[in-house]
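Work through the exercises below with the sequence and the coordinates open side by side. Each task is followed by a solution in steps.

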Amino acid sequence: MWDRLLVDCRIATMEPMPGNPLGLIENAAVAIQDGRILRVGKRTELAGFRAKEVVALGGAWVTPGLVDCHTHLIFGGTRADEHAMRRAGATYEEIAKAGGGIASTVKATRAASDDQLLASAALRLDALLKGGVTTVEIKSGYALDVEGELRMLRCAAALAASEAVRIVPTLLALHALPPEYSDRREDYVTMIADELIPRAAREKLATSVDAFCEKIAFTTQEVERIFTAAQANGLPVRLHAEQLSNQNGAALAAKHKALSADHLEHLDDAGAKAMAKAGTVAVLLPGAFYSLQEKKKPPVELLRKHKVPVAIATDCNPGTSPMLSPTLAMNMACTLFGLTPEEALAGMTINAARALGLAHEVGSIAAGKAADLCVWRLESLAELGYWVGLPGPERRVYGGVEN
């Protein structure tokens, strides 16, 4: 006796089949037991079995629950004033040098109480869940000191305990140089490598370590030191790379077998080849590209040429991507970057799961995986990358439970 049986539906399993890259199944059914997918296939293949609850979906599409693999969801305040500055012509670098940008969010985050951080993050998280997200990565990176960064990671854990969502905490170890270390860069990197990363690993607060490699952020030498510390403490790495310029960050990420390299507008052929060889996922962030009014697009054809898996994420953050809709991220990936609707769906499911090291658990509909699903009342899956302002799925299932 199964717990639930979903029938009368069309399924995008995201498990490729010959001539069927999305693993589409018509007239399909999904059996769920103890929060996991027990069987998936043609309805006729599951006939004769019994379930406590049988749900007829009236021909709706079923996809894996969406995976938002790059967010900065926890922070204090907003940076709506910078939106006005950008509209007046100020660049990202100019705003940062004027004391805005990450520095202003650091000030607001340090001043906020735990309750304030959790309350504001919960509102943003709720929007993502309504959009169909069942797994969301949350980075630290707005405290820039040991205790503050650990506090942000604990807030992420508190959100995970209170919401029906899988939260993946990432220590964004090198995000910006705090003002108190403005003339002591080496000391700051040493503190992160020798104190923060070991404590985050020891206290099991993070599942990976991230950094921002850019002219206005940290050098490849500084990032390499952090990556070495992370891996010495058993934590895989990720990287904000090639967003504003080519610093050869993608190649560095690949050298360290990074789970992902993110942004990548200025990625070159050597970096793409290195990522392909290492299995590093390219995470594209159209919300930041849109908000910053960038002109140089990520080299999607280069990623296709070298068969680099491409993921999509909201990059929800207060300054450069105030985005709270996963389907809008998919639409922008299609309209701004030229991805196909099929690539965008893979980018928000199985490839996003790969970027988090969770492809064994989520991102596709297969026996043994978590029963995280979305039910969409659509004529075609292409509509997921077509509508602007799609309200979200008709049903959202997390761990086998509709919520």
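**Exercise 1: the nonpolar cores**

In this predicted model, the largest nonpolar core has 103 residues, and those with the most contacts inside it are Ile74, Leu171, Leu174, Ile192, Val223 and Ile226. Determine which helix gives the most to this core, and which residues Leu171 touches beyond four places away in sequence.

*Solution.* Helix α6, residues 185-202, gives the most to this core, with 9 residues. Leu171, taken without residues up to four places away in sequence, touches Ser140, Glu149, Leu153, Leu196, Ile197, Ala200, Ala206, Ser208, Val209 and Asp210. A second, separate core has 17 residues, among them Ile25, Val62, Ile365 and Val397.

**Exercise 2: the annotated site**

An unreviewed UniProt entry lists Tyr142, Asn317 and Gly319 under "binding site". Establish why these residues can be said to gather at one spot, and whether Tyr142 and Gly319 are buried or exposed.

*Solution.* First, the three residues span 178 residues in sequence, yet no two of their C-alpha atoms are more than 11.7 Å apart, so they gather at one spot. Of these residues, Tyr142 and Asn317 are included in the lining of the largest cavity.

Next, Tyr142 is placed in the loop between β6 (133-139) and α5 (146-162), and because its relative accessibility is 2%, under the 20% cut-off, Tyr142 counts as buried. Its contacts beyond four places away in sequence include His72, Ile74, Phe75, His175 and Asn317.

Finally, Gly319 lies in the loop between β12 (310-312) and α12 (326-335); at 5% relative accessibility Gly319 also counts as buried, and, with residues up to four places away in sequence left out, Gly319 touches Arg79 and Arg86.

Terms used. Residues numbered from 1 in each chain as written. Predicted model: local features only at pLDDT ≥ 70, side-chain atom pairs only at ≥ 80, totals over all residues. Heavy atoms only, no water. UniProt positions renumbered as here; feature names shortened; annotations may be inferred. 1 Å grid on protein atoms, 1.4 Å probe; cavity = no way out; pocket = protein on both sides within 12 Å on 5 of 7 lines; lining within 4 Å. Helix = DSSP H or I, 4+ residues; strand = E, 2+ residues; numbered from the N terminus. Buried < 20%, exposed > 50% of the residue type's maximum accessible area, 1.4 Å probe, protein only. Contact = heavy atoms within 4.5 Å. Core = buried A, V, L, I, M, F, W, Y, C linked by side-chain atoms within 4.5 Å.
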